[in-house]
Every structure is written in C-alpha cells, then in structure tokens.
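Grab a coffee and have a look at this protein. A few short exercises follow, each with its solution worked out.

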Amino acid sequence: MKILFLGRHAKSSWNDSELSDFERPLNDRGERDAPEMGRRLAQKHRTADLILCSAAVRARTTAAILAKEWGYTKDISIEPNLYEASPSDMLDFIKELDDEAKSALVVAHNPTITWMAHMLGNLSIGNVPTCGIVVLKIPCDKWSEVKEGQAEMIEFDFPKKVEP
C-alpha cells in the first residue's frame with residue numbers, strides 16, 4: 001500500500017510584474033495558509049517518507065513550510081520537471097519514486113494536481129484550491145505499479161474547508 005499526498009502550492013503574489021511566473025513568491029495569505037495546512041497534516045497523518053516539489057519559488061516555499069510544520073526532517077527533493085509537468089509526465093515521475101518510501105508528498109501546480117487526483121482516483125472534486133491537499137491510498141507495493149483509477153481518496157483538505 002502506498003499513500004500519495006498531492007499538494008498544490010499556496011497562494012502566490014502577483015505584486016511584482018518584473019518577476020517571471022517561476023520566481024513568484026507566496027503572498028500574505030499563502031504565508032498564513034501553508035503553516036496551517038502543515039499543522040493539519042501533522043494532526044491527521046504520519047509524516048511522508050518523501051517530499052518533492054516543483055522548482056518554482058512558490059512550490060519550494062510551500063513544501064518547506066509544510067515539511068517544517070509536519071515534522072519532516074529529511075531533504076526535500078526539488079524536481080525542475082514538475083514545474084510544467086502534464087498529468088502523464090507527473091504519473092511517470094511518481095512511478096519512478098523509491099519503493100522504500102511508503103508515502104510521498106508532491107507539491108506542484110494546477111491544473112496538473114487536480115487532473116492527477118481525478119485520474120488516479122476517478123474523482124470529480126472540482127478544483128484543488130491553492131494549498132489544497134488530496135490524500136490517496138494506492139493498492140500497490142511498488143510505485144511503478146500505480147495506475148489510473150486505482151486510488152482511493154482518504155482526504156481532500158484545503159485552507160477554507162470548514163469541518164462539520
């Protein structure tokens with residue numbers, strides 16, 4: 001059994017028009033939401049065995065904040081190819097993860113994060129909002145065995161979600 005956390009980066013700033021999309025930092029809301037989501041992860045889930053993220057500034061910052069609040073102490077793997085990855089590219093990437101890892105958090109961008117959740121779990125959850133996290137349980141022993149439609153959603157959480 002593998003657990004995959006699909007995380008969208010926190011809300012980013014558009015204040016500096018001279019920055020490229022790749023260089024955009026988090027805005028104030030993103031700086032508030034990321035620690036909160038990290039604390040929620042820590043309350044509900046064992047820390048992931050691996051955290052990897054897009055090389056974009058907003059994704060790296062989000063991953064670092066989530067890791068800190070979640071108690072993740074290993075290095076975060078920065079993956080440049082996740083920046084503009086298609087769902088099939090991301091699936092190929094996931095299939096190459098180290099099988100020793102029982103769980104992994106991937107922090108990247110929409111629409112790919114939403115499409116991945118839909119594709120892996122046959123879900124229709126709409127849009128994964130900024131700093132949203134979809135947690136999937138995948139019935140396989142090796143990451144290379146991950147297939148479309150086989151995952152079960154354990155949780156879908158995001159900053160503005162109100163628990164009953």
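The exercises below deal with cysteines and charged pairs in this predicted model.

**Exercise 1.** Work out how many disulfides there are, and why C53 is not in one.

*Solution.* Start with the search of the whole structure: it turns up zero disulfides. Next, take C53 and look for the closest cysteine sulfur, which belongs to C131. The gap is 13 Å, and a disulfide needs the two sulfurs within 2.5 Å, so this pair is too far apart to bond. While you're there, check burial, where the cut-off is under 20% relative accessible area. C53 sits at 0%, so it is buried, and C140 is buried too, at 5%.

**Exercise 2.** Find what D21 and R58 do together, and which parts of the chain they join.

*Solution.* The two side chains form a salt bridge, 3.1 Å from N to O. D21 is in the loop between β1 and α1, while R58 is in helix α2, so the bridge ties together parts 37 residues apart in sequence. As for exposure, D21 is partly exposed at 33%, whereas R58 is buried at 4%.

**Exercise 3.** Which salt bridges does D157 make with R40 and K44, and where do they lead?

*Solution.* First, R40 meets D157 at 2.7 Å, N to O. R40 lies in helix α1 and D157 in strand β6, so this pair connects parts 117 residues apart. Both ends are buried: R40 at 15% and D157 at 3%. Then K44 pairs with D157 at 3.3 Å. K44 is also in helix α1, 113 residues from D157, and is partly exposed at 39%. Finally, follow the shared partners: E36, R39, R40, K44, E69, E155 and D157 end up in one network.

Key: Residues numbered from 1 in each chain as written. Predicted model: local features only at pLDDT ≥ 70, side-chain atom pairs only at ≥ 80, totals over all residues. Heavy atoms only, no water. Buried < 20%, exposed > 50% of the residue type's maximum accessible area, 1.4 Å probe, protein only. Salt bridge = Lys/Arg side-chain N within 4 Å of Asp/Glu carboxyl O. Helix = DSSP H or I, 4+ residues; strand = E, 2+ residues; numbered from the N terminus.
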